[in-house]
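Reader: I would like to go through this model feature by feature. Please give the general idea each time, and then the case at hand.

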Protein chains: 2
Amino acid sequence: MGAQFGRKEIKLALIIQKYGGTSVRDVGRLQQVARGIVEVRESGNDVVVVVSAMAGETNRLLQLAHQITDAPNTRELDVILATGEQVAIGLLSLGIQASGARARSFTGTQVRILTDNVHTRARIVNIDVERIRHALREGEVAIVAGFQGVNAEEEVTTLGRGGSDLTAVALAAALNADMCEIYTDVEGVYTADPGMVPTARKLSRITYEEMIEIASLGAKVLQPRAVEYAKNYNVSIHVRSSFTKSPGTLVVQEDQDMERVMVSGIAYNKNEAKITITRVVDRPGIAAKLFGNVADAGVVVDMIVQNISQDGHTDISFTVSRVDFHKAKELVQGVAKEIGADQVLGDDRIAKVSIVGLGMRTHSGVAAKMFRALAAEQINIMMISTSEIKVSCVIDERHTERAVRVLHDAFELQTEPPIGE
Amino acid sequence: MGAQFGRKEIKLALIIQKYGGTSVRDVGRLQQVARGIVEVRESGNDVVVVVSAMAGETNRLLQLAHQITDAPNTRELDVILATGEQVAIGLLSLGIQASGARARSFTGTQVRILTDNVHTRARIVNIDVERIRHALREGEVAIVAGFQGVNAEEEVTTLGRGGSDLTAVALAAALNADMCEIYTDVEGVYTADPGMVPTARKLSRITYEEMIEIASLGAKVLQPRAVEYAKNYNVSIHVRSSFTKSPGTLVVQEDQDMERVMVSGIAYNKNEAKITITRVVDRPGIAAKLFGNVADAGVVVDMIVQNISQDGHTDISFTVSRVDFHKAKELVQGVAKEIGADQVLGDDRIAKVSIVGLGMRTHSGVAAKMFRALAAEQINIMMISTSEIKVSCVIDERHTERAVRVLHDAFELQTEPPIGE
């Protein structure tokens, strides 16, 4: 892996580079990105670039649509939103040409990034790489619009927020690229938010599984669906900064050395709210009724916790995105009355703090260590949820920073692990 | 013709409507346009709408491109510019849906408006109307992006400034529509600029030939290429205001009655500059050399005047667009030296004033009447150029308004002609 790490060591490779909206937020930044691309191309590499809309553009377009109607038709919304990336590919292509290399832009329709028909969150079905291969053979840098595709009826589709990551990874898989570089405004994946934990350390490597958990837990470095796609097709991802040339974090398959690390990172999410229904009759079908209603309203539920039943009754708690808090609470209040539950309690001043690490599968006592560290700081745990490689605790929002810092210390993440990694 | 004129009299017709950028310059105006379209649809008509980019958007995109490079690659420029119309079709479709009718947007690629490969000023080769016909059968209003097409290699192309008019007319021809309505911010075609001549009168009808001359002479009501296309395919155009419901001007084929009118309108153009080369040796090949050089530099020459030769020498004058004045003058100075001409004189404070009318073909003395009217006002004529249905005079820019007014009076355009129109 080390041999593929630094840019200078990859000669005559096929590299996919993805730039987000902040990397091309104005013409000055876009020209800087263009010069970087030309450098890589001039070292002899074939380069395919995926680019997002200039920062703020997608929101501007969304606002225009929402000025007309509260619930815009998703087919038309995709037609509108796809223009953000289309402008960006044209401008970036001009920027690369101005820096002295050949370039050619491609929309999702032109490439052809074939998707299903689910507008605003379509799934990629197939990518026809012939036009890109042709451009590369002609010595051109291929610039592909992120976030968009086309369905079998030639309708424009979009892949959902963060979809440009998915475009890049899917192209890397389809082209059998040597590396998929995701350029972002941070230098890589850290053991914790460096703005919160001064001793946070940049990880040189992380596994797909850990990255999926960290991404899902609210770190916006990579779209979780893109990481899953990379895992399925074994695409090596390099998360790095578009501001510096220093190496970032490789997202790769698990290997022997990695087993040594118990916990790779601490994640947090302040964007959730908690709802508790007390004294629910413990009877089959109750949970189905409760969460069926919530799901039908389009509200996504994250954690669900149900304690053991006492005297035939139980308490059920769950978390939802904070924007859905009031809607979800109202829905649950209706159901609670129906099923004769006692009370519906809500709290939207919570945070979820999580430890993520592949090593948990083989090390015991990781969760207990987390609980002890929080207890020592008098931080009360409201809810607990675990997966194979993750433990999440819901706590009072006010304690978030302190909790992240104390966990970072407890698992000694500031120092490089002794063997491997 | 009268029977097709008023909106209420056209039942179960297929109508093409084209809205320019000012008609959709903000969401409020766009919703107003949408409601108008729904009204026409609900009267039982099939409606196909062509829309331009929201006012200012094309210039914003052009500026972005020009911030990157002075001479943007035209293929990429088309990719960028086409997004303006793509946003507009999506938003207008949402607006129509919000007003209660079904609608579906189409890009130039989706329709398929097949063009040649000349980016930024492509010509339409063929239109595949099957998708539009299908949408109409489904009871949908079809919203088509103006100004754009696609070439045989699936590249995005654009048709040049004013190209949305051409899209509308070409669609009207391909769909064999009953009427092509061009909505604009004026109420129709006038005998002269109403802002300049208070007695200017809206024409109820004008021939294609006259409209082409008036459009070419600087009136921005309709793109000349679109009128030529309409003439070739006999498409009836109705130029009307998007602000009022009153009928505008029909652009149609010549008929018997029209022969009675000598002059239909007065046009002017303040956007030109004049260059004169004095004492050019009168020898074959000199003009070819002179204008060959100018054409090679991409400068379009409008009028060319050469007087009879005296003692083997002659003076040659010509006009160019004012933005090309300095470039053209420099080019000509080079050639003038080579061929031993005396001087190169330039003047960018001129105006071209023209009278246009089919009747000129059969009436004598029209030009003389024009010259007398200007002379009576002490307005000096610097250059004269005539075509079958037009006489143009170059004068000092300061006299433009006065010249237009005096010509409007001289040809009695304020009053409806006695017989026919």
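Reader: By what turn and what shift can chain B be laid on chain A?

Author: Copies are superposed by least squares on the C-alpha atoms of residues with pLDDT of at least 70 in both. Here a turn of 179° with a shift of 0.1 Å along the axis lays chain B on chain A, at an RMSD of 0.2 Å. The two copies are therefore related as by a two-fold rotation axis. In chain B, the C-alpha nearest that axis belongs to Thr83(B), at 2.7 Å.

Reader: What conventions apply to the model?

Author: The model is predicted: local features need pLDDT of at least 70 and side-chain atom pairs count only at pLDDT 80 or more, while totals for chains, interfaces and linings use all residues. Residues are numbered from 1 along each chain as its sequence is written, and chains are lettered from A and ligands numbered from 1 in the order in which they are written.

Reader: How many residues of each chain take part in the contact between chain B and chain A?

Author: Two residues are in contact if their C-beta atoms, placed from the backbone, lie within 7 Å. By that rule, 28 residues from chain B meet 28 residues from chain A. Helices (H or I, at least four residues) and strands (E, at least two) are DSSP runs, numbered from the N terminus. On the side of chain B that touches chain A, the elements giving two or more residues are helices H1 (27-42), H2 (57-68), H3 (74-98) and H4 (108-111) of chain B. H3(B) has the largest share, with 14 residues. This side of chain B divides into 13 nonpolar residues, 13 polar and 2 charged; nonpolar means Ala, Val, Leu, Ile, Met, Phe, Trp, Tyr, Cys and Pro, charged means Asp, Glu, Lys and Arg, and the others, Gly among them, are polar. Of the interface residues of chain B, 100% are also interface residues in chain A, so the copies meet through the same surface.

Reader: Into which domains is chain A divided?

Author: Domain bounds come from an automatic or database domain assignment. For chain A they give domain 1 (2-254) and domain 2 (256-411), with C-alpha centres 32 Å apart. Contacts link 19 residues of domain 1 of chain A to 18 residues of domain 2 of chain A. On the domain 1 side, strand E10 (205-207) and helix H7 (208-216) of chain A are the elements that give two or more residues. H7(A) gives the largest share, 4 residues.

Reader: How do strands E15 and E16 of chain A run?

Author: Two strands pair if DSSP finds at least two bridges between them. Strand E15 (residues 301-306) and strand E16 (residues 313-321) of chain A run antiparallel, joined by 4 bridges. Val305(A) stands opposite Ser317(A) in E16(A). E15(A) and E16(A) form a hairpin with 6 residues between them, and Asp311(A) in the turn has a positive phi of about 40°.

Reader: Which peptide bond is cis in chain A, and where is Arg112(A)?

Author: Most residues other than glycine have a negative phi, and most peptide bonds are trans. The bond from Val111(A) to Arg112(A) is cis, with omega near 10°. Arg112(A) lies in the loop between helix H4 (108-111) and strand E4 (113-115) of chain A. In chain B, a cis peptide bond joins Val111(B) and Arg112(B), with omega about -5°.
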